[in-house]
Amino acid sequence: MTDAPPTVLFICQHNAGRSQLGAALLEHLAGDRFTATSAGLSPADEVNPAVTATVAELGMNITDRVPRAVTVDDLDAADVVVLMKPGLTLPSTPRGELLEWSFPNPESWDADAVRPLREAVAEKIRTAILT
């Protein structure tokens with residue numbers, strides 16, 4: 001038996017926006033009560049700069065994070081898997097609880113447009129994971 005905190009895996013298409021936001025916000029809101037990680041189905045080259053900027057406004061630096069592909073091992077290790085967009089096709093069935101969240105697309109992917117998404121994701125984390 002282990003005392004390790006539950007692992008929450010956030011997944012989106014490119015692991016550059018929503019999933020990075022989810023992992024960073026869970027780290028920010030929950031501290032060490034959870035292990036937050038993220039991945040994507042077809043990773044982008046870098047995390048969206050607007051996402052890094054809006055997370056930086058909360059005092060977190062995620063500029064060193066690199067989008068990566070979700071693996072079967074990720075899905076086996078996660079206690080909770082959060083699809084940041086419904087209907088994503090995963091490489092295997094997650095072992096843990098599967099949550100599918102839906103958020104409107106920002107009008108553009110700049111910091112002003114991403115802030116409402118950041119707040120919506122933070123609220124969903126508060127109500128669905130932290131309670």
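## Close-ups of helix α2 and the nonpolar cores

**View 1. Helices α2 and α4 make a right-handed crossing in this predicted model.** Helix α2 covers residues 49–56 and helix α4 covers residues 111–128. Their axes sit 9 Å apart, and the packing angle is about 65°. On the α2 side, look for A50, V51, A53 and T54; they meet A111, V114, R115 and R118 of α4. Sort the residues of this contact by character and you get five nonpolar, two charged and one polar.

**View 2. Here's the start of α2, with N48 and A50.** A side-chain oxygen of N48 reaches to within 2.7 Å of the backbone nitrogen of A50.

**View 3. This one shows the buried residues of α2.** They are A50, V51, T52, T54 and V55. What covers them includes α4 again, along with α1 (18–30).

**View 4. Now for the largest nonpolar core, with its 29 residues.** F10, L26, V82 and W101 touch the most other members. At least two residues each come from β1 (7–12), α1, α2, β3 (80–83) and α4. Helix α1 gives the most, with six. In soluble globular proteins, nonpolar side chains tend to be buried together.

**View 5. Zoom in on F10 and its contacts.** Setting aside neighbours within four places in sequence, F10 is in contact with S19, G22, A23, L26, T37, S38, A39, V82, M84, W101, I125 and I129. One of these contacts, A39, belongs to a second, separate core of 10 residues, which also includes A78, L83 and L90.

Technical notes: Residues numbered from 1 in each chain as written. Predicted model: local features only at pLDDT ≥ 70, side-chain atom pairs only at ≥ 80, totals over all residues. Heavy atoms only, no water. Axes fitted to C-alpha atoms, helices over the stretch in contact; angles between N-to-C directions. Helix = DSSP H or I, 4+ residues; strand = E, 2+ residues; numbered from the N terminus. Left-handed = near helix turned anticlockwise from the far one by under 90°. Contact = heavy atoms within 4.5 Å. Nonpolar A, V, L, I, M, F, W, Y, C, P; charged D, E, K, R; others polar. Buried < 20%, exposed > 50% of the residue type's maximum accessible area, 1.4 Å probe, protein only. Polar contact = N/O pair within 3.5 Å; in protein donor to acceptor, adjacent residues only side chain to side chain. Core = buried A, V, L, I, M, F, W, Y, C linked by side-chain atoms within 4.5 Å.
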